[in-house]
Amino acid sequence: MWDRGCDEDTGGNMLRVAQRAFRLLRTAWAVKRLRQAEDEAMRRHAQQALTDIMAHSRGLTMKVGQVLAGMGDDSDYAKLTTGVEAWPLKKIVPVLEKTWGKPMRFMLESIEESVAAASLGQVHRAQLNQRDSVAIKVQYPDIAKAMDAEMRLSGWMPAVGPMKDWAFDMDSYKKTLKDTLT
């Protein structure tokens with residue numbers, strides 16, 4: 001049922017999938033509450049709850065929220081593009097050093113904390129030892145595994161409602177989404 005790499009711990013993989021499933025269920029519940037809101041105050045509260053879930057859900061859930069933010073209204077979703085807390089540099093440095101295969105001091109003169117996070121990673125300003133200024137885009141550790149888990153979970157979603165009525169090719173859409181995000 002789950003694809004496992006040779007070096008992956010089965011229990012850890014199942015736990016990641018379960019955590020992502022729980023987060024997606026919470027998101028679905030919040031969307032349902034938003035759609036069923038009977039007045040503006042309830043709608044506003046439900047939208048804030050949904051945005052909060054998305055803001056703490058790196059990966060596909062946050063990416064959907066960022067797409068909603070780009071739809072042009074002045075909703076809470078807009079904070080998903082600017083107001084999400086970035087991971088501290090102390091968590092990012094080991095990722096960089098593992099990728100480079102050497103301590104950061106051999107590569108960089110300096111690096112700044114990121115001021116904003118994205119759904120899959122974050123960007124840091126830095127200076128190379130040769131003093132050239134660069135932007136370093138860092139993918140969150142294990143985000144690829146998290147995205148894979150979310151995409152597998154989305155594979156369980158049937159085409160319902162308007163998707164079914166319009167004969168929407170959900171499988172092709174999911175494949176395209178996965179290819180794009182990968």
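**Exercise 1. State how many helices and strands the chain of this predicted model has, and give their order.**

Solution. Step 1: the chain contains eight helices and three strands. Step 2: followed along the sequence, these elements give the pattern α-α-α-α-α-β-β-β-α-α-α.

**Exercise 2. Characterise burial, exposed area and contact range for the chain.**

Solution. Step 1: 32% of the 182 residues count as buried. Step 2: the area exposed by the chain is about 12000 Å², and carbon and sulfur atoms supply 56% of this area. Step 3: consider contacts between residues at least 6 apart in sequence; 50% of them join residues at least 24 apart.

**Exercise 3. Check the span of helix H5 against the expected value.**

Solution. Step 1: helix H5 covers residues 89–100, which is twelve residues. Step 2: the rise is 1.5 Å a residue, and the expected span is this rise times one less than the number of residues; for H5 the result should be 16 Å. Step 3: the end C-alpha atoms of H5 are 16 Å apart, in agreement with the expectation. Step 4: just after H5, Gly101 adopts a positive phi of about 75°.

**Exercise 4. Determine which residues of H5 are buried and how they are arranged about the helix axis.**

Solution. Step 1: with buried meaning under 20% relative accessible area, the buried residues in H5 are Leu89, Ile92, Val93, Val95 and Leu96. Step 2: viewed down the axis of H5, these buried residues fall within an arc of 165°, and therefore they line one face of the helix. Step 3: the face turned away from this buried side carries Lys90 and Lys98, both exposed. Step 4: the packing partners of the buried residues of H5 are strand S1 (108–111), strand S2 (121–128) and strand S3 (133–139). Step 5: as a single-residue case, Val95 touches Val138, Gln139 and Pro141, when residues up to four places away in sequence are not counted.

**Exercise 5. Identify the members of the largest nonpolar core and the elements that supply them.**

Solution. Step 1: the largest nonpolar core has eleven residues, namely Leu89, Ile92, Val93, Val95, Leu96, Met104, Leu108, Ile111, Ala126, Ile136 and Val138. Step 2: at least two residues of this core come from each of H5, S1 and S3. Step 3: H5 provides the largest share, five residues. Step 4: another core, of ten residues, lies apart from this one; among its members are Leu50, Ile53, Ala69 and Leu80.

Conventions
Residues are numbered from 1 along each chain as its sequence is written. This is a predicted model: local features need pLDDT of at least 70, side-chain atom pairs count only at pLDDT 80 or more; totals for chains, interfaces and linings use all residues. Side-chain values use heavy atoms; hydrogens and water are left out. Helices (H or I, at least four residues) and strands (E, at least two) are DSSP runs, numbered from the N terminus. Buried means under 20% relative accessible area, exposed over 50%, partly exposed in between (1.4 Å probe, protein chains only). The arc is that of the directions from the helix axis to the C-beta atoms. Contact means heavy atoms within 4.5 Å. A nonpolar core is a set of buried Ala, Val, Leu, Ile, Met, Phe, Trp, Tyr and Cys residues joined through side-chain atoms within 4.5 Å. Accessible areas come from the Shrake-Rupley method with a 1.4 Å probe; for residues, only the protein chains shown count as cover.
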